[in-house]
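Q: I would like to go through this structure with you before I return to the bench. Could you take my questions one at a time?

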Amino acid sequence: MNDKLLVETAVLAGEIMLISGAEIFRVEDTIDHILRKAGRNTAEAIVFSTGIFASLNDPSIEAITVARRVTVRNTNLNRVYLVNDVSRKLCADLMTVEEAFERLKEIRKTVQFHKRLKDMGYMGVAVFFTLLLGGNARDCMAAAVTGAVLAAAMEISQKIRLNDFCANAFCAFLIALTTLFLEKWGLSGIKSDIIIIGAIMPLVPGVIFTTAIRDTLNGDYASGTARIVEAVVIALAVAAGVGAGMGLYQWLAGGYFIW
Amino acid sequence: MVIQTVGAFFAVISFSLILELPKKYLVLSGTIGAVGWLLYLFVQAAAGSVIAAAFLSTLLVALFSHIAARVCKAPVTVFLVAGILPSVPGASIYRSVSYVISNDPVLSSHYLVETLQVSGAIAMAIFIMDSLFRLGKKK
């Protein structure tokens with residue numbers, strides 16, 4: 001068996017999973033399983049939220065060690081699922097290492113849903129969350145507008161490569177401003193608070209938080225705390241954005257607030 | 001309550017689109033989320049506590065996610081992440097900020113504490129289920 005390719009495959013699988021938002025123990029587990037297929041004495045994998053080290057060693061070969069730095073993060077559960085599937089098949093000998101490597105390269109680029117559909121997703125979250133929190137038809141209409149603004153803001157911040165903190169704050173800012181002005185001019189009497197809550201839901205770091213908890217409680221403290229801090233920073237950005245939006249509205253609307 | 005549960009179902013599915021959940025599990029994860037939210041509403045009505053509601057509903061969502069993951073041979077995260085979305089304390093974060101803006105530090109810190117408590121409750125619930133399902137499993 002080609003050890004080098006096996007290590008490459010293992011690290012690639014780990015990299016895709018890590019970028020797509022899998023927990024650390026799952027990434028380590030996957031790499032471990034693939035490396036163990038080589039049947040060498042030592043097969044170790046160390047994974048942090050920012051990088052991967054994998055090593056394969058045996059008296060009969062020269063040690064192979066691969067390090068990979070991971071900077072981007074882009075939640076994509078479909079890729080986690082597909083990589084998991086590949087590693088399962090590889091370990092059950094239903095797939096050769098070469099096939100697995102090719103398949104992983106494909107997986108790295110798979111996108112299931114078109115961008116427009118994801119925009120619909122943002123609108124959907126806003127609308128249905130408003131419904132879930134007890135909004136009526138008018139509230140949902142306003143939420144659809146706010147959701148569309150959110151989707152547009154996301155696209156803009158991606159285009160101008162805004163960093164995460166600023167992007168989240170910017171989106172939250174626009175959400176608050178849009179909703180409050182809708183309440184003032186277009187649809188008076190809508191419940192602006194639940195519409196804002198619904199619209200910021202895609203920004204609130206629920207996924208990172210969940211992963212952080214599972215990492216921490218699995219004993220991966222370095223990654224767990226890193227992700228908890230990430231979640232706190234995002235939550236602060238969203239709070240700052242909403243706060244700024246409401247403050248600006250208050251100032252523009254003449255210094256009084258009706259809640 | 002029915003409308004809210006339907007809302008939860010579609011909210012979770014919309015969120016799943018953003019997270020790129022595998023297509024064939026969209027409906028399943030939406031159902032898990034909706035059932036979780038139904039329990040949340042019941043507990044909130046019965047006990048009057050957001051924290052207990054978040055804890056129990058997350059416990060249920062985590063249980064279903066683990067079962068679904070084993071049946072479908074897919075990672076637990078796939079179902080868990082979208083399912084707990086409705087209980088995530090977005091509302092508490094928002095209220096905390098909005099009371100800062102309207103100069104009410106008492107209510108603001110009340111909601112800040114609530115945010116932390118709800119997050120903690122969700123974390124505990126996920127942890128308990130994880131531990132239960134790992135019992136007796138060899139490394």
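A: Certainly. A definition comes before anything else: helices (H or I, at least four residues) and strands (E, at least two) are DSSP runs, numbered from the N terminus. With that naming, A:Ala253 is found in the segment after α10 (221-252) of chain A. Please keep in mind that this is a predicted model.

Q: Is A:Ala253 buried, exposed or partly exposed, and why?

A: A:Ala253 counts as partly exposed, because it has 13 C-beta neighbours inside 10 Å. A residue is buried if 20 or more other C-beta atoms lie within 10 Å of its own, and exposed if 12 or fewer do.

Q: And how far is A:Ala253 from A:Leu180?

A: In sequence, A:Ala253 and A:Leu180 are 73 residues apart; in space, their C-alpha atoms are 9.9 Å apart.

Q: Let us change topic. What scores does the model have, and what is the mean pLDDT of chain B?

A: The model has an ipTM of 0.84 and a pTM of 0.83. For chain B the mean pLDDT is 86, with 97% of its residues at 70 or more.

Q: What is the secondary structure of chain B?

A: Chain B has six helices and zero strands. Along the sequence the pattern reads α-α-α-α-α-α.

Q: How does the radius of gyration of chain B stand against that of a compact globule?

A: The two agree: a compact globule of 139 residues would have a radius of gyration near 14 Å, and chain B has 16 Å. Along the principal axes, the C-alpha atoms of chain B fill a box of roughly 50 × 35 × 30 Å.

Q: What percentage of chain B counts as buried?

A: Of its 139 residues, 55% count as buried. As for contacts in chain B with a separation of 6 or more, 63% of them come from residues 24 or more positions apart.

Q: Now the interface. How many residues of each chain are in contact?

A: On chain B there are 40 residues in contact with 48 residues of chain A. Four elements of chain B give two or more residues each to that side: α1 (2-19), α4 (76-83), α5 (90-101) and α6 (105-134).

Q: Which element gives the largest share?

A: That is α1(B), with 11 residues. By class, the side of chain B that touches chain A has 29 nonpolar, eight polar and three charged residues.

Q: Back to chain A. In what order do the strands of the sheet run?

A: The open sheet has three strands in the order β1-β2-β3 of chain A, with antiparallel pairing. Its edge strands are β1 (42-48) and β3 (61-69), each pairing on one side only. On average, neighbouring strands are turned by 5° against each other, direction ignored.

Q: Which helix packs on the sheet?

A: Helix α2 (residues 24-36) of chain A does so, touching β1 and β2 of chain A. The direction of α2(A) makes about 160° with that of β1(A).

Q: How many bridges join β1(A) to β2(A)?

A: Seven bridges join β1(A) to β2 (residues 51-58) of chain A. A:Thr42 stands opposite A:Asn57 in β2(A).

Q: How many residues lie between β2(A) and β3(A)?

A: There are two residues between them, and the strands form a hairpin. β2(A) and β3(A) pair in the antiparallel sense over seven bridges, and A:Ser55 has A:Thr65 in β3(A) as its bridge partner.

Q: How many residues of β3(A) are buried?

A: The count is zero among its nine residues, and β3(A) is hardly covered.

Notes:
Residues numbered from 1 in each chain as written. Chains lettered and ligands numbered in written order. Predicted model: local features only at pLDDT ≥ 70, side-chain atom pairs only at ≥ 80, totals over all residues. Contact = placed C-beta atoms within 7 Å. Nonpolar A, V, L, I, M, F, W, Y, C, P; charged D, E, K, R; others polar. pLDDT = per-residue confidence, 0-100. Rg over C-alpha atoms; globule rule 2.2 N^0.38 Å. Pairing = 2+ DSSP bridges. Axes fitted to C-alpha atoms, helices over the stretch in contact; angles between N-to-C directions.
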